[in-house]
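Okay, thanks for squeezing me in. I'll put the structure up and walk you through a few spots in it.

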Amino acid sequence: VFSRSLCTVVCKWTYTSDKGWDDSFWKMIGLEDLVKDKYEKIGNHVLSPGEPVGKGLTPDAARDLGLPEGIAVAASLIDAHAGGLGVIGADVKGHNLPCENQPITSRLAMICGTSSCHMGVSETPIFVPGVWGPYFSAMVPGLWLNEGGQSATGKLIDHVVRGHVAFPELEAKAAASAHSIYTYLNSHLDLIKKSLPVGFLTVDLHVWPDFHGNRSPLTDLTLKGMVVGLTLSRGLDELALIYLATVQAIALGTRHILEVMQAAGHDITTLFLCGGLSKNPLFVQMHADITGKPVVLSKEVESVLVGAAILGACASGDFASIQ
């Protein structure tokens, strides 16, 4: 079935839900052949995420996947958008959070992995300089989506830690204590901080985290990374400190994105985190400290899969809508 997901064509392919494809854009960039035959190459049947596709699973696909033939197949969401959908609607009753009894527009979903996405929704279109969108119905039907992002987050932390001269020592000590390298680093920071809050350890060490350019809100792919405050020390303490400074730099990048979104008209009170980095308590804590906003972690950590399951539950007819 050649139907396309509204999420994909809107977020990545300049489609709009009210006007469809823009012929002048394809002509301007020299791809007018995509307009031919009623857009056959790029899709002329667009479905909202969660709508059923075709007649469900074909016999061949069912056989390959070991699933029943005809089982509902949903129009998809992009991976980060599925994570956003899977976490942004979490039930927060009784936790005394500022977003309780407030519209979903007061929440920011952050999907934090190799790179990070910052998803905020609004009832009317908000144009945010350096932040993608607004995209109508691209994540939550009926709401406009703005999508900020950092092009290297988990990848950057890994790069800094694994490239450090003390990494073999860290690896050996983490293995000996049966902890992951990041659990070990977090506990090592607790050891060296003594009575100070951990954030103060990097008072003289600063990282500019755009090693892979800046996606939001500066939108400058030529930017590079920077570290200020290096010494000749080469031990595990120094590795722990540059790791901390990198995590703080990423959180400061999130704060920069948030400030630009707020200035443009978003009213965000609470962060909802998911993805691999949300399993790192230091990463979560630094985001709370640096943005000054509470952070929600859902009980079900695989939010991208929750989002996909929501789409399936909708396509199967078990639920009447995404909401």
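So, P134 sits in strand β5, and the peptide bond leading into it from G133 is cis, with omega near 5°. Before I go on, keep in mind that this is a predicted model.

There's another cis bond to look at, the one joining S216 and P217, where omega is about -5°. That proline, P217, is in the loop between β7 and β8.

While we're on backbone geometry, have a look at K38. K38 isn't a glycine, and yet its phi is positive, about 50°. You'll find K38 in helix α3, which covers residues 36-39.

Back to β5, then. What sheet does that strand belong to? An open one of six strands, and if you read across, the order is β5-β6-β4-β3-β9-β10, with mixed pairing. Our β5, residues 132-136, is at one edge and β10, residues 295-297, is at another; each has a single partner strand, so one side of each has no neighbour in the sheet. Going from one strand to the next, the twist averages 25°.

Let me zoom in on one pair in there. β4, residues 116-122, runs antiparallel to β6, residues 144-150, and seven bridges hold the pairing. If you want one bridge to click on, take H118, whose partner in β6 is G148.

Now the helices. How do you describe two that pack together? With the angle between their axes and the distance between the axes. Here the pair is α5, residues 79-88, and α11, residues 303-315: their axes come within 6 Å and cross at roughly 85°. Anything from 65 to 115 degrees counts as roughly perpendicular, and therefore α5 and α11 are roughly perpendicular to each other.

Who's touching whom? On the α5 side it's D79, A82, G83, L85, G86 and V87, and they meet S303, V304, V306, G307, A308, I310 and L311 of α11. Sort the residues of that contact by class and you get eight nonpolar, four polar and one charged.

Last stop, the largest pocket. Its volume is about 640 Å³, and 39 residues line it. Nearest the centre of the pocket are Q248, A249, I250, L252 and G253.

So which element gives the most to that lining? It's α9, with seven residues. At least two lining residues each come from β6, β7 (206-208), β8 (226-228), α9 (236-264) and α10 (281-291), so to speak the pocket's list of contributors. By class, the lining has 21 nonpolar, 15 polar and three charged residues.

That's my tour. Happy to spin the model around if anybody wants another view.

Conventions:
Residues are numbered from 1 along each chain as its sequence is written. This is a predicted model: local features need pLDDT of at least 70, side-chain atom pairs count only at pLDDT 80 or more; totals for chains, interfaces and linings use all residues. Side-chain values use heavy atoms; hydrogens and water are left out. Axes are lines fitted to C-alpha atoms, for helices over the stretch in contact, and angles run from 0 to 180 degrees between N-to-C directions. Helices (H or I, at least four residues) and strands (E, at least two) are DSSP runs, numbered from the N terminus. Angles under 35 degrees count as roughly parallel, over 145 as roughly antiparallel, 65 to 115 as roughly perpendicular and the rest as oblique. Contact means heavy atoms within 4.5 Å. Ala, Val, Leu, Ile, Met, Phe, Trp, Tyr, Cys and Pro count as nonpolar, Asp, Glu, Lys and Arg as charged, and the others, Gly among them, as polar. Two strands pair if DSSP finds at least two bridges between them. On a 1 Å grid over the protein atoms alone, a cavity is a set of points where a 1.4 Å probe fits but cannot get out, and a pocket is an open set with protein on both sides within 12 Å along at least five of seven lines; lining residues have an atom within 4 Å of a point. Grid points are joined across faces, edges and corners, and a volume is the space filled by probe spheres set on the points.
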